[in-house]
Amino acid sequence: MKARHGTGVAVERELRLKTILVTGGAGFIGSNFVLHMLEQGDCSIVNLDKLTYAGNPANLASLEGRPEYTLVRGDICDAALVASLLEQYRPEAIVHFAAESHVDRSIAGPEAFLKTNIDGTFTLLQAARIYFGKLTGAERDAFRFLHVSTDEVYGTLTPEDPAFHEETPYAPNSPYAASKAASDHLVRAWVHTYGLPAIVTNCSNNYGRFQFPEKLIPLMILHALAGKPLPIYGDGLQVRDWLYVEDHCSALRTVLATGRVGETYNVGGGNQRSNLEVVKTLCALLDELVPDSKFVPHVRLITYVQDRPGHDRRYAIDARKLETELGWTAKESFETGLRRTVEWYLANRDWVEGVTSGAYQQWIGQNYGSRAVVEAGEAAR
Ligand code: NAD
Ligand code: DAU
């Protein structure tokens, strides 16, 4: 890599750094990953992000002025841009997060999901294939394409079913899940047909800092703080398997370093909770952390609303392959992770203000305004 400083020490350090092209690094998981990787001090990162409503450069404001980090605003569907970035930065890996990621938005408007999640992944794979084809020696041996995917590709489980494992057949149910499943299949084909050294990870529901408040946990925190109804879809007994985002980042780092090419690895924290349990735990945490709020007890804000169409009942991840083969384990318990998350949203009101302006309010109106209230909470009536 090109030395940017005059001193021998800086040159030596920069020569040792490998470059990673991250896509979607200004989003929730991507920005946590960029920070996680740069904390280790052994790589530099080029972040290609379109900065959609979900992409927020403020997540990475702490990196301003750091030579190891470059933000490029652009679309993964732009083949010329992707090719030029590969030529310019010669990354050792591509870690692909960029996606449209919210199930409710995919139901309201699936087009963007097909465009970014399928076409965008195809564009990246093609560019990566051409770039990889020109690599030789150690650079060629080291190159990896890590595709960050979801457990939703496996469909839904009954309460009795065993957790999703890597051999579970794909059965995506939402437009979002179908688009991610399609992208996983493309990656598989590029491995088998063209020999691209790619790996796929399928992860369960993440939570933590920087999550956009359209998703369950941050949405409930912000609504509770504002004394707004806490909208539970259907009976609230759908189950998700929660993973603290920092644990997802450490899993991705592990897979990047030691995962086997052509394999898929499931990532999960072993924290199955019903949505109702999650929301009640959040309410109890807020009662404790904001005792003077006039909305205590927050649980009175719970309101049952019309269900999500095609709502998957249960997700659960069997992560034993990642744990036994690569030695990864999740570190954060759900209880401590949720407390840290609530504390982060309480301490970062500026960040919240920045993401909850006009376009966000429009989405809230669209998604919840038309949803019939089945049973309003005591305080929300
Ligand atoms: P997010 O919606 O918070 O962030 C997505 C990022 O991608 C944003 O920064 C956005 O600007 C960027 N982006 C969107 N379209 C783009 C395009 N065409 N070109 C370039 N950038 C674009 O998503 P997230 O929750 O951080 O999820 C990241 C990845 O992890 C996704 O691929 C998602 O499918 C996967 N995943 C998410 C979860 C979860 O619980 N959030 C769980 C498992 C897997
Ligand atoms: O499983 C991994 C997936 O987790 C990721 O691939 C997706 O990108 C991510 O968005 C997430 O999908 P979910 O649909 O599970 O997450 P969401 O936060 O939207 O919803 C979690 C559960 O809470 C789900 O059962 C729907 C329910 N829910 C959600 C919202 C926003 C409600 O009951 N009320 C709500 O207002």
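1. Let me begin with Arg 90, which counts as partly exposed at 36% relative accessibility. Please keep in mind that this is a predicted model. Arg 90 sits in the loop between α3 (79-89) and β4 (93-96). Its backbone deserves a look in your viewer: phi of Arg 90 is near 45 degrees, a positive value in a residue other than glycine.

2. Phe 210 is another place to check the backbone. Although Phe 210 is not a glycine, its phi is positive, at about 70 degrees. You will find Phe 210 in the loop between β7 (206-207) and α8 (216-226). Is Phe 210 buried or exposed? With a relative accessible area of 9%, Phe 210 is buried, because the cut-off for that class is under 20%. Arg 90, at 36%, is partly exposed.

3. If you prepare this model for further work, have a look at the peptide bond from Val 296 to Pro 297 too. That bond is cis, with omega near -5 degrees. As for its setting, Pro 297 belongs to the loop between α10 (275-289) and β13 (302-305).

4. Now to the ligand, starting with its polar contacts. Which oxygen or nitrogen atoms of ligand 1 pair with Tyr 176, and at what distance? An oxygen atom of ligand 1 lies 2.6 Å from a polar side-chain atom of Tyr 176. Two backbone contacts can be set beside this one. A polar backbone atom of Ile 76 is 3.0 Å from a nitrogen atom of ligand 1, and a polar backbone atom of Asn 206 is 2.9 Å from an oxygen atom of the ligand. As for cover, ligand 1 taken alone exposes 840 Å², and the protein buries 97% of that.

5. Which elements give two or more residues to the shell around ligand 1? They are α2 (28-40), β5 (144-150) and α7 (175-194). The largest share, 3 residues, comes from β5.

6. A last point on who surrounds the ligand. There are 28 residues around ligand 1, and those that come nearest are Ile 29, Asp 49, Ser 101, Tyr 176 and Lys 180. Tyr 176 is thus a name you have met already, through its side-chain contact with a ligand oxygen atom. By residue class, the shell divides into 12 nonpolar, 12 polar and 4 charged residues. Tyr is counted among the nonpolar residues in that division, so the polar contact of Tyr 176 comes from a residue classed as nonpolar.

Note on methods. Residues are numbered from 1 along each chain as its sequence is written. Chains are lettered from A and ligands numbered from 1 in the order in which they are written. This is a predicted model: local features need pLDDT of at least 70, side-chain atom pairs count only at pLDDT 80 or more; totals for chains, interfaces and linings use all residues. Side-chain values use heavy atoms; hydrogens and water are left out. Helices (H or I, at least four residues) and strands (E, at least two) are DSSP runs, numbered from the N terminus. Buried means under 20% relative accessible area, exposed over 50%, partly exposed in between (1.4 Å probe, protein chains only). A residue is near a molecule or strand if one of its heavy atoms lies within 4 Å of it. A polar contact is a pair of N or O atoms within 3.5 Å; within protein, one must be able to donate a hydrogen and the other to accept it, and residues adjacent in sequence count only if both atoms are side-chain atoms. Accessible areas come from the Shrake-Rupley method with a 1.4 Å probe; for residues, only the protein chains shown count as cover.
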